[in-house]
Amino acid sequence: MYKVFVNDVPIILSTEKYIGANYTSIPLKRAKIKSIIKQVNLGQLTYINLYHPKGEKLLKFLKKKLPVVIAGGGMVYNKNSEILFIKRNGKWDLPKGKLEKNESIEACAIREVEEETGCRDLVLGDHITTTYHIFKRNNKFKLKETYWYKMTTTYEGDLEPQPSEGIKKVRWKNFEKSQKALSKSYENIKLLFPKEYLLLNPKDRVA
């Protein structure tokens, strides 16, 4: 199963026809993806399940219908187990960016973290997960496939947000502050975090 976000609404790609009473299930071969995206943006669809019995067909279908943008990003921990966040467009996010030509995805992830935050001395760890979201650029819908890695650093210098990318703030956040930041973040970013990070009552959360 995959979750592909349009804004913060997930389109589910699964091998099961029935995944819940709230879901509109559509066979993959009948799915008109651009029409579905538009309906999601208009608030006409909120629970969508596109299904096919063969799991390997799911992402292939989407990648045939939409141009794919590959990106790399990092969940960076310092020696105090704090996590590095950026703030852009009024929401807390994790640093990430587009893969360049002839660049490995691992190198991309490290470069983007450095460029967007000013953090240095990054040590690449394990791949955490891959997230998917659909966005519109130059009047065309595109699929962003982002590979996320755990990173560590001993860097204690100044952090520098990258203005050209619209980044307003860069902050280290402990467990409690990370929870609060996630209440003003994106649903696909929450997929990177353990469940205990999402336990605060939404009414108590202030980023």
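Here are some worked exercises on the model above.

Before you start, note that this is a predicted model: local features need pLDDT of at least 70, side-chain atom pairs count only at pLDDT 80 or more, and totals for chains, interfaces and linings use all residues. Residues are numbered from 1 along each chain as its sequence is written, and side-chain values use heavy atoms, with hydrogens and water left out.

**Exercise 1. Describe the overall build of the protein.**

Step 1: Start with the helices and strands, which are DSSP runs numbered from the N terminus (helices: H or I, at least four residues; strands: E, at least two). The protein has five helices and 11 strands.

Step 2: Check the radius of gyration, which is taken over C-alpha atoms, against the globule rule (2.2 Å times the number of residues to the power 0.38). The protein comes out at 18 Å, close to the 17 Å that the rule gives for 207 residues, so it is as compact as a globular protein of that length.

Step 3: Box it in. Along the principal axes, the C-alpha atoms fill roughly 55 × 45 × 30 Å.

Step 4: See how much is tucked away. Buried means under 20% relative accessible area, exposed over 50%, and partly exposed in between (1.4 Å probe, protein chains only). Of the 207 residues, 44% are buried.

**Exercise 2. Find the domains and say how they meet.**

Step 1: Domain bounds come from an automatic or database domain assignment. That gives domain 1 (2–65) and domain 2 (71–204).

Step 2: Their C-alpha centres are 26 Å apart. The contact between them takes 13 residues from domain 1 and 12 residues from domain 2, where contact means heavy atoms within 4.5 Å.

**Exercise 3. Explore the largest pocket.**

Step 1: Get the terms straight. On a 1 Å grid over the protein atoms alone, a pocket is an open set of points where a 1.4 Å probe fits, with protein on both sides within 12 Å along at least five of seven lines; lining residues have an atom within 4 Å of a point. Grid points are joined across faces, edges and corners, and a volume is the space filled by probe spheres set on the points.

Step 2: The largest pocket holds about 860 Å³ of space. Its lining has 29 residues, with Lys96, His133, Phe135, Arg137 and Lys144 nearest the centre.

Step 3: Which element gives the most to this lining? That's E9, with five residues. Both domain 1 and domain 2 supply at least three residues each.

Step 4: Sort the lining by class. Ala, Val, Leu, Ile, Met, Phe, Trp, Tyr, Cys and Pro count as nonpolar, Asp, Glu, Lys and Arg as charged, and the others, Gly among them, as polar. You get nine nonpolar, seven polar and 13 charged residues.

**Exercise 4. Do the second largest pocket.**

Step 1: Its volume is about 160 Å³.

Step 2: The lining is Leu28, Lys29, His52, Lys57, Lys60, Phe61, Lys64 and Lys65. By class, that makes two nonpolar, one polar and five charged.

**Exercise 5. Set Lys190 beside Lys91: buried or partly exposed?**

Step 1: Lys190 is in helix H5. Lys190 counts as buried because its relative accessibility is 17%.

Step 2: Lys91 belongs to strand E7 (residues 91–93). Lys91 has a relative accessible area of 26%, so it is partly exposed.

Step 3: Skip neighbours within four places in sequence and list the contacts. Lys190 touches Leu182 and Leu198, while Lys91 touches Asp8, Ile86, Lys184, Ser185 and Tyr186.
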